[in-house]
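Work through the exercises below with the structure open beside you. Try each task before you read its solution.

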Amino acid sequence: MALRVAEFLANPGSRFPVEITLSGGEEPDSLCTVESIELAGEAFAQLATLYVEAALSAKLRQPCRRCLEPVETTLELDESFEVPIPPSAESVDLLPVVLRLVLSAHEPNVVCDEGCRGLCSACGVNLNRHPNHVCEPEESGRTTLKDLLK
Ligand SMILES: [Zn+2]
Ligand SMILES: [Zn+2]
C-alpha cells in the first residue's frame, strides 16, 4: 500500500486525490484476517508529514463467536491520519497505520447468523450442520451420583 509522494512534496499543502487498494494482507497477531482494504480520499504534504483524509472499506474474515465458522464482514471507516515522510523517500507505506485503524475499529464478536446455534457444549459438534444432534447424558456420572445418595 505504497503511495508515491513526489507530487505531494512538490506542492506542499495542495490536496490530491488518493485511491489505493490493498489485497491479501493479513494480521498474524489477530484472529481477524484482512482480505482487502480500499482507501479513497485526499492527501496533502506539509513539513515532511503526509496528511490523509479517506474513507476506508475493509473486507475482513473472522471466526463466528458461537460456531467458529469464518464470517466475512465489511468495515466502513472515515479516517484522518498522518504518516511521516522520511527524508528523500519516494513513497510512504500506508499499510501499517491503515491496518491499525481497521483492527482497532473492527467488531471482534461477530456471528455468522443471528440464529447461529453454535457448538454442542459437550462434544463440539456444529449444531447448524446437525440441528437434531442430541448428546447422550453422561451415564457414568449419574450412576456415581445415585450411588453416593444410596
Ligand atoms: Zn456461527
Ligand atoms: Zn454433542
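Two strands pair if DSSP finds at least two bridges between them. Helices (H or I, at least four residues) and strands (E, at least two) are DSSP runs, numbered from the N terminus. The model is predicted: local features need pLDDT of at least 70, side-chain atom pairs count only at pLDDT 80 or more, and totals for chains, interfaces and linings use all residues. Residues are numbered from 1 along each chain as its sequence is written, and chains are lettered from A and ligands numbered from 1 in the order in which they are written.

**Exercise 1. The hairpins**

Task: find the residue with a positive phi in the hairpin of β3 and β4, then do the same for the hairpin of β4 and β5.

Solution.
- Step 1. Start with β3 and β4. Two residues lie between these strands, and Leu47 has a positive phi near 50°.
- Step 2. Look at the next residue in that loop. Ala48 also lies between β3 and β4, and its phi is positive too, near 65°, although Ala48 is not glycine.
- Step 3. Recall the general rule. Most residues other than glycine have a negative phi.
- Step 4. Go to β4 and β5. Here six residues separate the strands, and Leu68 takes a positive phi near 70°.

**Exercise 2. Buried or exposed?**

Task: classify Leu47 and Ala48 as buried, partly exposed or exposed.

Solution.
- Step 1. Set the cut-offs. A residue is buried if 20 or more other C-beta atoms lie within 10 Å of its own, exposed if 12 or fewer, and partly exposed in between; C-beta atoms are placed from the backbone.
- Step 2. Count for Leu47. There are 8 C-beta neighbours inside 10 Å, so Leu47 is exposed.
- Step 3. Count for Ala48. There are 13 C-beta neighbours inside 10 Å, so Ala48 is partly exposed.
- Step 4. Turn to the whole chain. Of its 150 residues, 13% are buried.

**Exercise 3. Build the sheet**

Task: which strands form the open sheet, and in what order?

Solution.
- Step 1. List the elements. The protein chain has three helices and six strands. Their pattern along the sequence is β-α-β-β-β-β-β-α-α.
- Step 2. Pair β2 with β3. They are antiparallel and share eight bridges. One of the matched pairs is Leu22 with Ile37 in β3.
- Step 3. Pair β3 with β4. This antiparallel pair has 13 bridges. Glu42 faces Glu53 in β4.
- Step 4. Pair β4 with β5. These antiparallel strands are joined by 15 bridges. Glu53 stands opposite Ser80 in β5, and Leu50 has Val83 of β5 as its bridge partner.
- Step 5. Put the pairs together. The open sheet has four strands in the order β2-β3-β4-β5, with antiparallel pairing.
- Step 6. Find the edges. β2 (16-23) and β5 (70-84) each have a single partner strand, so one side of each has no neighbour in the sheet. From one strand to the next, the twist averages 15°.
- Step 7. Check the cover on β5. Among its 15 residues, the count of buried ones is zero.

**Exercise 4. The helix and the core**

Task: which helix lies across β2, β3, β4 and β5, and which residues have the most contacts inside the largest nonpolar core?

Solution.
- Step 1. Locate the helix. Helix α2 (residues 95-105) lies across the four strands, at about 130° to β5. Axes are lines fitted to C-alpha atoms, for helices over the stretch in contact, and angles run from 0 to 180 degrees between N-to-C directions.
- Step 2. Define the core. It is a set of buried Ala, Val, Leu, Ile, Met, Phe, Trp, Tyr and Cys residues joined through C-beta atoms within 7 Å.
- Step 3. Read off the core. The largest has 19 residues, and Ile37, Leu50 and Leu56 have the most contacts inside it.
- Step 4. Assign it to elements. β3, β4 and α2 give two or more residues each. β4 gives the most, with six residues.
- Step 5. Zoom in on Leu56. Two residues are in contact if their C-beta atoms, placed from the backbone, lie within 7 Å. Beyond its neighbours within four places in sequence, Leu56 contacts residues including Ile37, Leu77, Val98 and Leu101.
- Step 6. Recall the general rule. In soluble globular proteins, nonpolar side chains tend to be buried together.
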